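Dear colleague,

Please find below the structure that I am handing over to you. My findings follow directly after it.

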Amino acid sequence: MLRVLKIFRLIRLYRKLSQHNKVVDMMVRKPGSFLFLFLLFFLMIVAIFLKMLEQFSTAEFESLSSALWFLCGTVTTVGYGDLVVTVYGSRMFTVVAMLVGMGLIGQISSAISTRIMTMGKPDEKIKRLKRD
């Protein structure tokens, strides 16, 4: 009985949050878009940190675009090898970016494939309900 009440509390909390918070509403209604925007925001933040940490040790990370190029290769696990981080702090950020990026890219591709697989199905369900 308590679990049923908890579910109703969660539904009520979601309604309150979604009315006032556009981010929560986007997370629930468009998870693929939210994850993509979160990945872009995450990459920008990590690229700024990488540039700040690496700009004095190597000339490879002289611009933000080179840090973003490095992160795109790292997050997608391609790893071209043309840019290499040398500072230990940068290596920690790179490992975190790689793990988070792999998870986010998997979630984004899952959301896209789910969207493709369910195209047109709600209309069929509505038609069936109207017939019954």
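Helices α3 and α4 form a right-handed crossing in this predicted model. Their axes lie 9 Å apart, and the packing angle is about 125 degrees. The pair is therefore classed as oblique, α3 relative to α4. On the α3 side, the residues that meet α4 are L39, L43, M44, V46, A47, I48, L50 and K51. Their counterparts in α4 are L64, A67, L68, F70, L71 and V75.

Helix α4 also packs against α5. In this case the axes are 8 Å apart and the angle is about 55 degrees, which makes α4 oblique to α5. The crossing of α4 with α5 is right-handed. From α4, the residues F70, L71, T74 and V75 take part, and they meet T94, A97, M98, G101, M102 and I105 of α5.

The remaining pair to report is α3 with α5. The axes of these two helices come within 10 Å and cross at roughly 165 degrees. Because angles over 145 degrees count as roughly antiparallel, α3 is described as roughly antiparallel to α5. Helix α3 passes α5 in a left-handed crossing.

These helices also share a nonpolar core. The largest such core holds 17 residues, and the members with the most contacts inside it are L39, V46, L50, F61, F70 and L71. Helices α3, α4 and α5, the last of which spans residues 88–117, each supply at least two residues of this core. The largest share comes from α3, with seven residues.

F70 deserves a separate mention. Apart from its neighbours within four places in sequence, F70 is in contact with L50, F61, L83, V85 and T94. Of these partners, L50 is listed among the α3 residues that meet α4, and T94 is listed among the α5 residues that meet α4.

Two further residues may be of interest to you. The first is S66, which is found in helix α4. Is S66 buried or exposed? The relative accessibility of S66 is 13%, so this residue counts as buried, the cut-off being under 20%. When its neighbours within four places in sequence are left aside, S66 is in contact with E60, F61 and L83.

The second is Q55, which is located in the loop between α3 (31–54) and α4 (64–75). Q55 has a relative accessible area of 34% and is therefore partly exposed, as this class lies between the limits of 20% and 50%. Twelve residues separate Q55 from A67 along the chain, and the C-alpha atoms of the two are 10.0 Å apart.

Finally, I turn to the protein as a whole. Its secondary structure consists of six helices and zero strands, and the pattern along the sequence reads α-α-α-α-α-α. The protein has 132 residues, of which 23% are buried. Among contacts with a separation of 6 or more, 54% are made by residues 24 or more positions apart. The exposed area of the protein is about 10,100 Å², and 68% of it is supplied by carbon and sulfur atoms.

With kind regards

Conventions. Residues numbered from 1 in each chain as written. Predicted model: local features only at pLDDT ≥ 70, side-chain atom pairs only at ≥ 80, totals over all residues. Heavy atoms only, no water. Helix = DSSP H or I, 4+ residues; strand = E, 2+ residues; numbered from the N terminus. Buried < 20%, exposed > 50% of the residue type's maximum accessible area, 1.4 Å probe, protein only. Contact = heavy atoms within 4.5 Å. Areas by Shrake-Rupley, 256 points an atom, 1.4 Å probe, with all protein chains shown as cover. Core = buried A, V, L, I, M, F, W, Y, C linked by side-chain atoms within 4.5 Å. Axes fitted to C-alpha atoms, helices over the stretch in contact; angles between N-to-C directions. Parallel < 35°, antiparallel > 145°, perpendicular 65-115°, else oblique. Left-handed = near helix turned anticlockwise from the far one by under 90°.
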